[in-house]
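Thanks for sharing this one; here are my notes, point by point. I begin with a strand pairing and then move on to the chain contacts and a helix pair.

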Amino acid sequence: MVTFIARRFSAMIFVLTSISILVFFIFFATPGVDPAARIAGRNADQQTLMQVRHSFELDKPLPFRYVSMMRHLFVQRDLTSYVNRGAKVIPQLSQAIPATFSLVIGAALLWLFAGIFFGVLAASSKRKWIDPTISFLGIVGISLPVYWLGEVVNLITQSKLHHSVFRWVPPLGYVGLSDNPWQWFMHLIFPWLTLAVLYAGIYVRVLRNEIMVVMGEDYIKTERAKGASEKRILYKHATRMSLMTIVSLFGLDFGALVGGYALLTEVVFGIQGVGKLTFDSLQNFDLPVIMATVMYSSFFVVFMNALVDVLYAVLDPRVRRA
Amino acid sequence: MGVAALIVSALVGTTSASAAASAALAPYDAKHAGGTVTLVAQAAAGTLDPKVNYTAQFWQLYQATYDGLLTFSYGSGATTFQVVPDLAEALPVMSNGGKTLTFKLRTGIKFSDGKPVTVADVKASFERIFKVSSPTAGSFYNGIVGADVCLKTPATCKLDKGVVVDAAKNTVVLNLVAADETILSKLAVPHAVINPASAPAKDAGTTLIPTTGAYMYKSYDPNKSLVMVRNPYYKEWSHAAQPQGYPDQILFKFGITPTAQVTAVENNQANWAYDPIPADRLNEIGTKFPSQVHVNPLTAMWYLPLNVNIAPFNNLKARQAVNYAIDRAAMVKIFGGTQLAGPVCSFLPPNFPGHVDYCGYTKGATPAKPATAWSAPDLALAKSLVKASGTAGQAVGIVVSDDDVNKQMGIYLQSVLNSIGYKATVKPISGNIQFTYIQNTKNKVQISVSQWYQDYPAASDFLDVLLGCASFTPNSDSSINMSGYCNKALDAKMAKAKALGLTDPVAANKMWGAIDQEVMADAPVAVVFTPKQLDFISSGTKNYVFSLQYKMFVSQLQVK
Amino acid sequence: MALKDSSEAIFSESPGKIALRILRKDKRSKISLTILGVIVFLSFMAPVFSHYVADSNPFESTLNATINVHGVEKPVLEPSTTGLGLGVTPIGPTWNPRSYFLGADGQGRDVMARLLYGGRSTLLIGTTAGLLCIFFSLLIGIIAGYRRGWIDAVLSRILDIIWAFPVYLLAISLSVVLLTSGLTIGFIHLGSGSFALPIVIIGVVYIPYVARPIRAQVLALREREFVRAAIGTGAKTSTIIFREILPNVMPSVVVFIPIIVSLSMLTESALSFLSIGVQPPAASWGTIINDGLALLYTRPMVGLAPGIMIVLTAAALNLYGDAVRDALDPKTRARGD
């Protein structure tokens, strides 16, 4: 176990370093992103421009700036933004984390529940119309662009039907759990539903498929021959085996979303999370914030994948031998 | 009096009637005081430091928080273009041919941290302009004696000869290298406000600087909100310069998309939306909430800088072809319709000092024989000009911001340029870098879509700043003369007009008008339309007052 | 499918041929291929539609165009006539194929004509990227799961880097580079309009999503009796992979194809918003969705129509995928449905 952790930890360092170098290189290879002129303000004269460049260390060579930025980010933890002068990057990130966690965990519970419930239903139902209907709805869920869906939800709940059916919907934004638990919940209902739709669609389809594949396996026939009921087979054996794929996907999805992949959902619903921070920093070409959010996101992705690899061994003992 | 008054009257006197009649601000009505005014915007505007921030979004707030020796007046109509004394007791006494301005500082005014405003703070504030590398340090304030040294070594900036203060007599004497007919306006903008001498010697960013105005800053989180509360040490000293405000608190929330802002205002969850109203909500608010919509003229323009140094627009005929081909009415449609913008061909916008109603690039007119207004494009003439120029078939890239309105303008322009004989492509790039991107000659931008809003009401702020040789610096992100136009003869004329402005502003404005026509005959840009400001306020918000200089007065909104 | 048929087939035909025959008879494959065929045919006929039926140029901005509605000339972009008269609204669906069947967009162009042209770009990018993704996912997933050890470690770290990589940053940066000078890799020069870039980006970005589940499956499969037996008898790795591993992995992979193609078509929308891939005035379902976002409150059809097309395409692929999976996998067939 210890060697596993040590190996994956050094792998994480490797991944984070590679990504940080790539991000740095990509940023400065982009024409027009030099922050000095934008910070100096419009129509700044050339001397002013030079002063600003110097204050940002932009006149030093690239590798020096990379090391300096990494040092400020990880060691001194006082890295400041290019766009909001003096604003420290790490507090911005840590303030945004609870909002994203709230959004993603809630949505994850919803889509896991929906995915498993409807996936099992579609795979096992005797009625002929259930499977095609659920499958089609799943496809619709996958094919809806998240930003468009969010705007439609807002159009209905905040605008058109706001004074009748959806009178109870609070204004857009995020309220902290510790500030007001009820408002926290109310503000997140529609963001949860919107984010969950896409993933529920995927998970329903995948789980249904996996169950049907597993149900045809030989050892399932053995169980039937032994006299086990269909229900027992379904729940004890088929579902557990089918979860392998779901677990893989969940690790990837959760890792990405917590790291900021839900940016479009956060933007549409006015939630100040890591995703929104990422989105704003990309629009502003604010490299320090971009770097911080990317490092945070990469950490989560690697961590979740490592966790999932451990889970494989728990779910399927045969993998343990690997 | 003398020159100062002349300058002030020049700014006001020649403007024609604007939307609201020229009037002073109504007296304070304590009945309506109280409550919180909530403003919503998609994003914050960067640093809160008034000496560095150069955005309309925050300049709109500074009028209620910071004060300079002078400021632009509260009120409505042309009054808002007037420069009035603020922390100074009166407009300065000019002497030495306009090179020396003597101010007397008011007594009894305190910063929001309780400390009194002294002449030492005034001197320190002027030095601070250079210490923080203010964007206008080199363009507005380089005329102060000693500024050249400060520009070279800002960290140790000392303006002992330029800003001479006398604590006993409470006077401030400003010494200029040469007389400047726009110096009063330059002293009235936020970059020249008075901060405590203890303010940081670098861009304060999110650090709050004590204020002198009716409001002070309580907190600023660029990702969440900006909170302004009443300044406990404020007592109204001039109703025109810094009037008492109505709300107890002003909350500016960030992170709401423009369409969500409109919905929030409709639901009375916010009092005012900052960002431009999205195109598909305009009809909705104009039809369902007409009493909450305010449309006001702006002295601003949307225009297309044409790079005169690279193909194909280094050819005069090609540039004129573009001017003839553009259907300005179509672009007005994209912007939101005729209620929100008016087609224009002149460089100086309507109601601006020096503006003349003319259009050389409309059907049936030429720059030599202009019409009074634009009526229709002339595609046939444009096509023949392109052919005659020999640039037909060349590739042209149109660089625009990637927000919806700018992108749609770019797509329309692509269609037009294709129809007159070019091979056009649209190049949308992030709105946050487009402005500096199109200035840098390294990027070889041939044509782009840009906007220009006045800093202060003077023709030089348009013509000299945007088309003067001094504003063109190759290979720099700060080269606001995007066309790269450098006409020495025209520069000389502009210098003459500036000098004339010191003694005879009316004649000077006539000169600016002539310069406008002359430069547009050379077509370094294509001016498209002049936009109007649309403000959408909620049903619970009253007392909307509009300033031509800084737009809606935030502190005058009433929610009670 | 009678029992007699299949027992004869086992002795005379290869598994592939059996699968194909079953597939052809499957009602689901008939329906789905018909739908796909219609979509592809309509996209193919886009120039015919726009020229002969709609009589419009869907790539030319016609902000001042007018149409004839019940004898009255109405502008295609109607200025508001109610209240303060703010704003300009494109006309909505006329349900007349000869002019603006689905209405106009913000530039006065015929949305139906653009939708058909758009299908070409989206189907090309979506399916190519999707197939690219599936192919490389299989490659990486199977090798990593089968070989384990340091090969698995290296491949898994590559998958981590791909999944953690900030694609939006890369896309934004690329778009500015392309706009400024184009991208030159070796002797290949890519301009803004190149489809190769979005195809490669989309294809690569989703590889971890398919490769990791495949890898997990292979890790388990490898330990199954029949595989260990095959290894024990000294069979070549490639034989084992193609005979034992791949056929057992395919049923799970097949369900991913419509998912990935759907996600690819949506990602194409995001990329074309950032100016990578389909450039104005060209259309794709993605660019029309983007146009539709700006018209959501007045003309929702503009955003809805391409969304419906994507749903139909994905649903058809999905149905076909189910039929393929059943045809390939004798065990699910045995369930008797």
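1. Thr36(B) sits opposite Gln249(B), a residue of β10(B). The two strands concerned are β1 (residues 36-41) and β10 (residues 249-254) of chain B, which run in the parallel sense and are joined over 6 bridges. Please keep in mind throughout that this is a predicted model.

2. That pair belongs to an open sheet of 5 strands in chain B, ordered β8-β9-β10-β1-β11. The pairing in this sheet is mixed. At the edges are β8 (215-221) and β11 (272-273) of chain B; each has a single partner strand, so one side of each has no neighbour in the sheet. As a reminder, strands of a sheet pair through backbone hydrogen bonds, in either a parallel or an antiparallel way.

3. Now to the contact between chains A and C, where 53 residues of chain A meet 49 residues of chain C. On the chain A side, at least two residues each come from α1 (2-29), α6 (130-143), α7 (146-160), α8 (181-215), α10 (230-261), α13 (287-315) and α14 (317-320). The largest share, 9 residues, is supplied by α1(A). Sorted by class, this side of chain A has 34 nonpolar, 12 polar and 7 charged residues.

4. Chain C also touches chain B, in a contact that takes 32 residues from chain B and 31 residues from chain C. Two or more residues apiece are given to the chain B side by α7 (279-288), α9 (328-335), α11 (404-420) and β16 (423-429). Here α7(B) makes the largest contribution, with 9 residues. The class split on this side of chain B is 13 nonpolar, 13 polar and 6 charged.

5. How do α6(A) and α8(A) pack, and at what angle? Their axes are 7 Å apart and the angle is about 140 degrees. The two helices are therefore oblique to each other, since the antiparallel class is kept for angles over 145. The crossing of α6(A) and α8(A) is left-handed.

6. It is worth looking at the residues behind that helix contact. From α6(A) come Ile134(A), Ser135(A), Gly138(A), Ile139(A), Gly141(A) and Ile142(A). Facing them from α8(A) are Val197(A), Leu198(A), Ala200(A), Gly201(A), Ile202(A), Val204(A) and Arg205(A). By class, the contact of α6(A) with α8(A) has 8 nonpolar, 4 polar and 1 charged residues. Both helices also appear in point 3, among the elements of chain A that supply at least two residues to the side touching chain C.

Definitions and conventions. Residues numbered from 1 in each chain as written. Chains lettered and ligands numbered in written order. Predicted model: local features only at pLDDT ≥ 70, side-chain atom pairs only at ≥ 80, totals over all residues. Contact = placed C-beta atoms within 7 Å. Helix = DSSP H or I, 4+ residues; strand = E, 2+ residues; numbered from the N terminus. Nonpolar A, V, L, I, M, F, W, Y, C, P; charged D, E, K, R; others polar. Pairing = 2+ DSSP bridges. Axes fitted to C-alpha atoms, helices over the stretch in contact; angles between N-to-C directions. Parallel < 35°, antiparallel > 145°, perpendicular 65-115°, else oblique. Left-handed = near helix turned anticlockwise from the far one by under 90°.
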